[in-house]
Amino acid sequence: MVPTARSLILNLLLASEERSQSARETIASCALFGIRENNVRVALARLVAEGLIEPTRRGVYRLGPRAAALADDVATWRMAEERVRDWAGGWITVHVGPLGRSDRVALRARDRALAMLGLRELDRGLSVRPDNLKGGVDEARERLHRLGLEPAAAVFVATGFDAEREARARKLWDGERLSLAYRTTRLELEHWRTHAGTLEPEAAAREAYLLGNEAIRQIVFDPLLPAPLVDVDERRAFVAAVRRHDDAGRDCWRRLHLGDGNNDAAAPHSFPFESHTAPTRP
């Protein structure tokens, strides 16, 4: 999928170690995907107006306050496997029943926060996920709030579901499809690495971004389920493959930008600010 100027700008800023980039660098990177300079400048202006980015000095931009919390969370994708612990059978539960649904901005932020922690709706207004995240419910609650869940939502650990609800809870995710998606993406990334050296620099950078963007997004929205709900070993291998691909992609972008004197260029990451649903793959 060809990225929009809006999404690519956010991704570029997220990938930058300084979380900032000049308009000139942004225009050059967007040109790789056929995005015209005028479209880039319009997107920059709109993102500034929305508070998602802000100028630091003339012609240089960084992520704005509205994007900061999400950016910090997304940037931890490399440590996904470090977030999990053994599962004792309990469920992190979020009840949003009393909360309104008329504020679309708040609703998008709420849904995105729930999706990024892998919660699925068990009953109307009641979402659950296995209680296998390090830090337990306290850390999960804090992270949900940072990502946009309203403080009025009840976040707690539930145990002792009746047999019917327990069975339904375990079927909220298709573990077999998740495991297959881990393997499929890993093989795609490994195949790309075997022939990336034969590509022109522009093509290599472009393909690195397109593949890496989807793979990182897959991690960001992965529910990090425990065994036996998913093949944990396959997920670990997938995350390791994405890290290797990201390193290779960064090298591609650095080589591409060496001629511009920009030795710190990095392959842009996935930045799901506008999306609150999980990726197409389960």
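Q: In what order do the three strands of the open sheet stand, and what is the sense of their pairing?
A: The order is E1-E3-E2, and the pairing is antiparallel. A strand here is a DSSP run of E with at least two residues, numbered from the N terminus, and two strands pair if DSSP finds at least two bridges between them. This is a predicted model, in which local features need pLDDT of at least 70 and side-chain atom pairs count only at pLDDT 80 or more, while totals for chains, interfaces and linings use all residues. Residues are numbered from 1 along each chain as its sequence is written, and side-chain values use heavy atoms, without hydrogens and water.

Q: Why are strands E1 and E2 said to stand at the edges?
A: E1 (20-22) and E2 (53-57) each have a single partner strand, so one side of each lacks a neighbour in the sheet.

Q: What makes E1 and E3 a pair?
A: A pair needs at least two bridges, and E1 and E3 (residues 60-63) have three, in the antiparallel sense. Within this pairing, serine 20 stands opposite arginine 62 in E3.

Q: Which strands does helix H1 touch as it packs on the sheet?
A: Helix H1 (residues 5-15) touches E1, E2 and E3. A helix is a DSSP run of H or I with at least four residues, and contact means heavy atoms within 4.5 Å. The direction of H1 makes about 80° with that of E3; such angles run from 0 to 180 degrees between N-to-C directions of lines fitted to C-alpha atoms, for helices over the stretch in contact.

Q: Why is there no bond between the sulfurs of cysteine 252 and cysteine 30?
A: A disulfide is a pair of cysteine sulfur atoms within 2.5 Å. The sulfur of cysteine 252 has its closest cysteine sulfur, in cysteine 30, at 18 Å, which is too far for a bond. By this rule the count is zero disulfides.

Q: Why is cysteine 30 called buried or exposed?
A: Buried means under 20% relative accessible area, exposed over 50%, and partly exposed in between (1.4 Å probe, protein chains only). Cysteine 30 has 0%, so it is buried. Cysteine 252, with 6%, is buried as well.

Q: How do you know how compact the protein chain is?
A: The radius of gyration is taken over C-alpha atoms, and the globule rule is 2.2 Å times the number of residues to the power 0.38. For 282 residues the rule gives 19 Å, and the chain has 20 Å, which is close, so the chain is as compact as a globular protein of that length.
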